[in-house]
Amino acid sequence: MTTTSRWRALTRHNLFWPVAVLVALLLVNVPFTPDFFAIHMTNGHLYGSLVSIVLFGSPLILVAVGMTLVIATGGIDLSVGAVVAITGALTCSYISDQADQGALSSVLLAMGLGLIAAVVCGLWNGFLVARMGIQPIIATLIIMVAGRGVAQLITDGQIITINSEPYKLIGGGYWLTLPFSIFVVAAVVAVTVLLTRRTALGLLVESVGGNAEASRLVGIRSMRIKIMVYVFCAVCAGIAGLMISSNTSAADGNNAGLWIELDAILAVVIGGTSLLGGRFSIGGTVIGALVIQTLTTTIYTIGVPTQTNLVFKAAVVIVVCLLQSPKFRAKVFGARAKAAGPAVPAAAAEPADPAPKMEVS
Amino acid sequence: MLNRRNFLTAAIGVAAAGTLAACAKEDGGSSTSSGGSKTITLGFSQVGSESGWRSANTDSVKSAAKEAGYNLKFSDAQQKQENQISAIRSYIAQKVDVIAFSPVVVTGWDAVLKEAKAAKIPVVLTDRSVETSDQSLYVTLVGSDFTDEGRRAARILEKVLTKAGHKGAVKIAQLEGTTGAAPAIERAKGFKEVMDADHADDWKIVVSQTGDFTRAGGKQVMAAFLQSNPDVNVLFAHNDDMAIGAIQSIEAAGKKPGKDILIVSIDGVKDGFVAMSEGKINAIVECNPLLGPQLMDVVKKVKNGESVERWIKTKEGDYMQDQAKAALPSRKY
């Protein structure tokens, strides 16, 4: 009795299905890569598939965490990919102009410059959405389209290659045998969780997402909250931009962070955050981003033919989204659930995220 | 809250931004007196400026036109076919002597090319080809033969293997270009052709995946390859950027690029040559963007009514490691 009820409580936990999918995806790799879970020491740092998944997934986790808060206010930020490109381009072009590319002070200054650019983009988005009342999808579309042009303007249409040891650390380096980006991601996630779950900020964000006008009437400065989340999202994208450009030691204005906004939205949705706003789960988003990165790695390791890549990805995403939908689960596993108790209809009333299919690109 | 007026403002704003983006940049069109019959006027419509290769291509066309003393009308289509079609129409209206363009896509050119033909303006394609119902719609194509680049990559791999004294099975990892892009399809085809013909029993492509022609893509895909197929000993990358990304993954796995894993790539961009001079790439098959001088030559011939070949292949070389240092200063892009 107790085990079944505990099982039921577990399956009803909002992170159960994302985690289950993540574990399943990881297991799929084992027959193709026998020592998939093995982690060795190579050149003084840990090396293995799991390490690469976290290393390459770090930028996506960051962007998705920022996106989560924007989506929680009922908005959306399509400009993150362009912000990634701008930040990387600005930082790398500053570093490449220095006589000594390895100087720590100039690297820090360059990163600061890049992040300031990200903040400006975030302020612009927030201004358009909160002050001007422009729909978020349109407001952020402006930087999505124009921002990549700005990035190419900065890099002069070229790929800027830099050779700077300190800059390499943030996206491609190792610290205490682990990829340094893990520490950055952990710090950002910890700060976000602390701010949103240990202070009233998370509640305010959710209330603005639930009903901005009502929140304003009860005395919440919803405009300020909105501007804040767009700036936060842009800063996350900016840090991700630093990581992506540092990872390859190059800024590619044309391709850096291309389509990352769609992957980020998908990660947020897989993590159980409603696109309608009003509630969010940072933990779910992190799992969602890891699911997407694992899926990408899986496609490479199991040898899916190039032409069917996207179909494979789409099929997995559809399965994940269906599993996430309480209505679908009630239909499929309904017989057992009915025998167990009438708890399902209450869950079924929750929005079942009808949107994810749009993101399958 | 969003009201109708705000929405309209937004819509107008976005529309204005879109129009600005759609406006093809026109420059270099300082129209000298059209009466002077000596100078040749060339209308050139470029695809866009998506890569270092492309901007080198643009610079080459501009400087070659200047050198040849042509009046060049240049426009950038920014990856959009409609921009390119309107640019070509405006060249027809301006009655230029020759129209040259790098088509954004393969199909959909018949109508505008017929207009050019009716106006008796010869059309020269650069870099990429088009599919038309009527072969007389363009005079010639000046560009690379991607299939041949694939064949040359396989041939140069033979040399690399001999030089490295490699014995035993050749297990190849292939980093493909963007799925569906002509260079990706044809380079893979050319490589496979040689492999199947001459090395059917000792060469094998064990893994192949797209890296989207980018460094980040090459790096990520190679990291996964090294996990699933640790015995790979040759990498064939469809462009230098993916090879450069893959090199970083190979190093992170504790292997030596150029020694433990032999690398052959295509393009010959500057950073590729830098990596080759460091011994990390074994050989590069050049895909030359500097086709400006050849184009100007063809334009002159076409203008004078001389016959030209249907496909004028760009002059390209193959480079091994020992040539890298010497060739590096000549790399402009």
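These legends describe close-up views of a predicted model. Residues are numbered from 1 along each chain as its sequence is written, and chains are lettered from A and ligands numbered from 1 in the order in which they are written. In this predicted model, local features need pLDDT of at least 70 and side-chain atom pairs count only at pLDDT 80 or more, while totals for chains, interfaces and linings use all residues.

**View 1. Helix α8 of chain A, residues 180-197**. Helices (H or I, at least four residues) and strands (E, at least two) are DSSP runs, numbered from the N terminus. The end C-alpha atoms of α8(A) are 26 Å apart, which agrees with the 26 Å expected for 18 residues; the expected span is 1.5 Å times one less than the number of residues.

**View 2. The two sides of α8(A)**. Among the buried residues are A:Phe180, A:Val184 and A:Val188 (buried: 20 or more other C-beta atoms within 10 Å of its own; exposed: 12 or fewer; partly exposed in between; C-beta atoms are placed from the backbone). The buried residues of α8(A) fall within an arc of 145° seen down the axis, so they line one face; the arc is that of the directions from the helix axis to the C-beta atoms. On the other side, A:Ala187, A:Ala190, A:Leu194 and A:Arg197 are exposed.

**View 3. An open sheet of six strands in chain B**. The order is β8-β7-β9-β10-β11-β13, with mixed pairing (two strands pair if DSSP finds at least two bridges between them). β8 (203-210) and β13 (318-320) of chain B stand at the edges with a single partner strand each, so one side of each lacks a neighbour in the sheet.

**View 4. Strands β9 and β10 of chain B**. Four bridges join β9 (residues 234-237) to β10 (residues 262-267), and the two run parallel. B:Leu235 has B:Ile263 as its bridge partner.
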